[in-house]
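Q: I am new to this structure and would like a close look at a single part of it. Please pick one helix, describe it, and then place it in the rest of the chain.

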Amino acid sequence: MLVPNIGAGELLLRVGAVYAAIFFLMRIVGKKHVGELAPFDLVVLLLLSECVQNALISDDKSLTGGIVAATILFSLNHLVGYVAWRSKKAERVLEGSAAAR
């Protein structure tokens, strides 16, 4: 229950790859805020979490693996936010710019 089946390095790579892929897909969709999501978009996000679960932690069903994966996700999200806060150029790339509609 507490001993992960995969190594920390593999877990870091898996979580990083899934985070980057989802981040890229969300940028393509163009919706940054929850208020911009239609109800169906929220359903898609909830289903997305189920779809990528195995990609994140493989066959690891340990508590430690789940906690490490969650910690990596929160850390990556915090790092992206920090980089966007420190650099206006990075902010435009990571968060996009407002488009007149």
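A: One term is needed before the description starts. A crossing of two helices is called right-handed if the near helix is turned clockwise from the far one by less than a right angle, and left-handed if the near helix is turned anticlockwise. The part chosen here is helix 1, and the model it belongs to is a predicted one.

The setting comes first. The protein chain has four helices and zero strands, so that its elements, read from the N terminus, run α-α-α-α. Measured out along the principal axes, a box of roughly 50 × 35 × 15 Å holds the C-alpha atoms of the chain. Of its 101 residues, 19% are buried. Among contacts with a separation of 6 or more, 76% join residues that are 24 or more positions apart.

Helix 1 covers residues 8-29, which is 22 residues. At 1.5 Å a residue, helix 1 should span 32 Å, and the 31 Å between its end C-alpha atoms agrees with that. Four residues of helix 1 are buried: Leu11, Val15, Val18 and Tyr19. Viewed down the axis of helix 1, these buried residues lie within an arc of 100°, and they therefore line one face of the helix. The other side of helix 1 has Leu13, Phe24 and Ile28, which are exposed. The cover over the buried residues of helix 1 includes helix 2, residues 39-57, and helix 3, residues 63-86.

One residue of helix 1 can be looked at on its own. Gly16 has its place in helix 1. Its relative accessibility is 23%, and Gly16 therefore counts as partly exposed, given that buried means under 20%. The C-alpha atom of Gly16 is 7.7 Å from that of Leu73, although the two residues are 57 apart along the chain. Past the end of the helix, Gly30 comes just after helix 1 and has a positive phi of about 85°.

Next is the packing of helix 1 against helix 2. Two packed helices are described by the angle between their axes and by the distance between those axes. For helix 1 and helix 2 the angle is about 150°, and the axes are 9 Å apart. An angle over 145 degrees counts as roughly antiparallel, and helix 1 is therefore roughly antiparallel to helix 2. In the sense defined at the start, helix 1 and helix 2 have a right-handed crossing. On the helix 1 side, the contact is made by Leu11, Arg14, Val15, Val18, Ile22 and Met26. On the helix 2 side, it is made by Leu45, Leu48, Val52, Asn54, Ala55, Leu56 and Ile57. Leu11, Val15 and Val18 are thus named twice, being among the buried residues of helix 1 and among those in contact with helix 2.

The stretch that joins these two helices, and helix 2 itself, can be followed along the chain. Ala38 is in the loop between helix 1 and helix 2. With a relative accessible area of 34%, Ala38 is partly exposed. Ala38 is 13 residues from Cys51 in sequence, and their C-alpha atoms are 20 Å apart in space. Ser49 is a residue of helix 2, partly exposed at a relative accessible area of 42%. From Ser49 to Thr64 there are 15 residues along the chain and 19 Å between C-alpha atoms.

After helix 2 comes the loop that leads to helix 3, and Lys61 lies in this loop. Lys61 is exposed, its relative accessible area being 71%. The C-alpha atoms of Lys61 and Leu2 are 8.9 Å apart, with their positions 59 residues apart along the chain.

Helix 3, already met as part of the cover over helix 1, also packs against helix 4, residues 88-95. The axes of helix 3 and helix 4 come within 5 Å and cross at roughly 130°, and the two helices are therefore oblique to each other. In this contact, helix 3 supplies Val80, Val83, Ala84 and Arg86, while helix 4 supplies Lys88, Ala90, Glu91, Leu94 and Glu95.

Definitions and conventions: Residues numbered from 1 in each chain as written. Predicted model: local features only at pLDDT ≥ 70, side-chain atom pairs only at ≥ 80, totals over all residues. Heavy atoms only, no water. Expected span 1.5 Å × (residues − 1). Buried < 20%, exposed > 50% of the residue type's maximum accessible area, 1.4 Å probe, protein only. Arc of directions from axis to C-beta. Contact = heavy atoms within 4.5 Å. Axes fitted to C-alpha atoms, helices over the stretch in contact; angles between N-to-C directions. Parallel < 35°, antiparallel > 145°, perpendicular 65-115°, else oblique.
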